[in-house]
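Here are a few notes to read alongside the model. Have a look at the structure first, then go through the points below.

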Amino acid sequence: MTGFFVTGTDTEVGKTLVSGALLLLLNKHYSLVSGYKPVVAGLSDINGQSQNEDLATLQLASSYQANNVSEICPYQLPTPAAPHLVARQLGITLSYQRMLD
C-alpha cells in the first residue's frame, strides 16, 4: 500500500486528528511517511509565521520533513472559508493536476 485517503463531510470532524494518528502509527513501521493536504483555507500566525494548524499537525506527525510547506500543500489560502470560494475571490484557479502532481 502506498497511501491512505482521509475524508470527511464537514470542518472540524476529525480528519486531521485521524490523519495525524495514522501518520504516527505508520512511523513505527516505515522509515518515511508524510501527510499531504492539497488545499487549506485559513492561515494564522504560528511561531511568527503565517501557517495553517492542520499543516503544522501533519508536519509534526510525519517523518518526512518538507523543505517547503508547498510540497505537502500546494494551495494555502488565507481566509477560513470554502476553498473554492476563497480561490475564486482571489482569482486563483485550483488545478486538479497540480494537486495530483
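1. Why does Met-99 count as buried? Its relative accessibility comes out at 16%, and the cut-off for buried is under 20%, so Met-99 makes the grade. Bear in mind that this is a predicted model.

2. Where Met-99 sits: the residue belongs to helix H4, which covers residues 96-100. If you skip neighbours within four places in sequence, Met-99 is in contact with Tyr-36, Pro-38, Val-39, Pro-74, Tyr-75 and Leu-94. Lys-37 is 62 residues away from Met-99 in sequence, yet their C-alpha atoms are 8.7 Å apart.

3. On to the core. Met-99 is one of 6 residues in the largest nonpolar core, together with Val-39, Tyr-75, Leu-77, Val-86 and Ala-87. Strand S4 (75-77) and helix H3 (83-90) each put at least two residues into this core. As a general point, nonpolar side chains tend to be buried together in soluble globular proteins.

4. Leu-77 deserves a look too. Again leaving out neighbours within four places in sequence, its contacts include Val-39, Val-86 and Ala-87, as well as Pro-83, Leu-90 and Ile-92.

5. Then there's the largest pocket, with about 1,500 Å³ of space. Its lining takes in 42 residues, and Val-6, Lys-15, Ser-19, Tyr-36 and Lys-37 lie nearest the centre. Helix H1 (15-27), strand S1 (39-41), helix H2 (53-61) and H3 each give two or more residues to that lining, with H1 giving the most, 7 residues. By class, the lining splits into 22 nonpolar, 14 polar and 6 charged residues.

Key: Residues numbered from 1 in each chain as written. Predicted model: local features only at pLDDT ≥ 70, side-chain atom pairs only at ≥ 80, totals over all residues. Heavy atoms only, no water. Core = buried A, V, L, I, M, F, W, Y, C linked by side-chain atoms within 4.5 Å. Buried < 20%, exposed > 50% of the residue type's maximum accessible area, 1.4 Å probe, protein only. Helix = DSSP H or I, 4+ residues; strand = E, 2+ residues; numbered from the N terminus. Contact = heavy atoms within 4.5 Å. 1 Å grid on protein atoms, 1.4 Å probe; cavity = no way out; pocket = protein on both sides within 12 Å on 5 of 7 lines; lining within 4 Å. Points joined across faces, edges and corners; volume = space filled by probe spheres on them. Nonpolar A, V, L, I, M, F, W, Y, C, P; charged D, E, K, R; others polar.
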